[in-house]
Amino acid sequence: MKKIFIYCAYTLISITIIAHPHVFIEVLTKINIKNDILEISSTWKFDDLMSMLLKKQYNDIDSINKKLQEKYKKENFFTTIYLNQKNLQISPLKIFSTELENRILFTMIYDLKLENNNNEIIISTYDKSYYTYLKTEKDDNINIIPNKNYEIESTIFANFNKLFYFDQIFPYEIKLIIRRK
């Protein structure tokens with residue numbers, strides 16, 4: 001009986017340890033405010049291997065873009081945006097792909113009307129299945145365009161309340177505090 005227990009425990013632990021993402025994406029976020037509209041541009045920079053596979057499988061950037069939209073639209077592009085603690089069910093207004101230094105870039109642009117003079121926005125981008133790793137935890141992945149009418153503070157934080165993948169992984173989220181000057 002003891003041997004069976006040890007075997008089962010070893011098997012469960014080893015399955016969890018060897019599992020890992022298959023696609024690695026660096027998420028670059030750009031924040032810009034135009035006429036009280038917050039524009040959130042989220043660009044996914046695919047890893048070298050996935051970029052190479054996409055280019056090999058599809059003939060041109062338009063075909064790649066179409067395939068990526070089909071694939072990730074079902075998952076709402078792994079992105080949830082909260083405005084003042086309300087989950088917004090918004091879709092990107094623009095979606096396009098480009099190529100830079102042999103890497104595929106996939107960009108989604110969201111527009112969001114600011115509600116009042118003091119807004120809190122949370123941008124949460126992660127794949128709960130952990131098949132895709134979306135890297136958002138570096139401060140230099142956020143580019144905030146200065147605005148004379150608004151003060152914008154940004155932080156990236158580990159959200160331990162959203163554990164996923166056998167409660168081993170947590171997402172990093174972007175928190176923006178936007179105040180009218």
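1. A quick definition before anything else: a residue counts as buried when its relative accessible area is under 20%, as exposed when that value is over 50%, and as partly exposed in between. By that yardstick, buried residues make up 41% of the chain's 181 residues. Do keep in mind that you're looking at a predicted model.

2. For the overall layout, count three helices and eleven strands. Starting at the N terminus, the elements go α-β-β-α-α-β-β-β-β-β-β-β-β-β. Of the contacts with a separation of 6 or more, 67% are between residues 24 or more positions apart. As for the outside of the chain, its accessible surface is about 11200 Å², and carbon and sulfur atoms account for 54% of that.

3. Now to the sheet I'd look at. Five strands make up an open sheet, ordered β4-β3-β7-β11-β10 and paired antiparallel. At its edges sit β4 (86–88) and β10 (150–158), each of which pairs on one side only. Going from one strand to the next, the twist averages 25°.

4. Strand β3 is a good place to zoom in. It covers residues 79–83 and is joined to β4 by three bridges, the two running antiparallel. Find Ile81 and you'll see Leu88 of β4 opposite. The two strands form a hairpin with two residues between them, and Asn84, in the turn, has a positive phi of about 50°.

5. β3 also pairs with β7 (residues 118–125), again in the antiparallel sense, this time over five bridges. Thr79 has Thr125 as its bridge partner in β7.

6. Which side chains of β3 are buried, and which are not? They alternate along the strand: Thr79, Ile81 and Leu83 point to one face and are buried. Thr80 and Tyr82 point to the other face and are not buried. So Ile81, the residue opposite Leu88, belongs to the buried set.

7. Last stop: Lys135, in strand β8 (residues 132–135). Is this lysine buried, exposed or partly exposed? Its relative accessible area is 28%, and because that lies between the 20% and 50% cut-offs, Lys135 counts as partly exposed.

8. What does Lys135 touch, if you leave aside its neighbours within four places in sequence? Its contacts are then Ile25, Glu26, Val27 and Asn141. Take Val27 as an example: Lys135 is 108 residues away from Val27 in sequence, yet their C-alpha atoms are 5.7 Å apart in space.

How values were computed
Residues numbered from 1 in each chain as written. Predicted model: local features only at pLDDT ≥ 70, side-chain atom pairs only at ≥ 80, totals over all residues. Heavy atoms only, no water. Helix = DSSP H or I, 4+ residues; strand = E, 2+ residues; numbered from the N terminus. Buried < 20%, exposed > 50% of the residue type's maximum accessible area, 1.4 Å probe, protein only. Contact = heavy atoms within 4.5 Å. Areas by Shrake-Rupley, 256 points an atom, 1.4 Å probe, with all protein chains shown as cover. Pairing = 2+ DSSP bridges. Axes fitted to C-alpha atoms, helices over the stretch in contact; angles between N-to-C directions.
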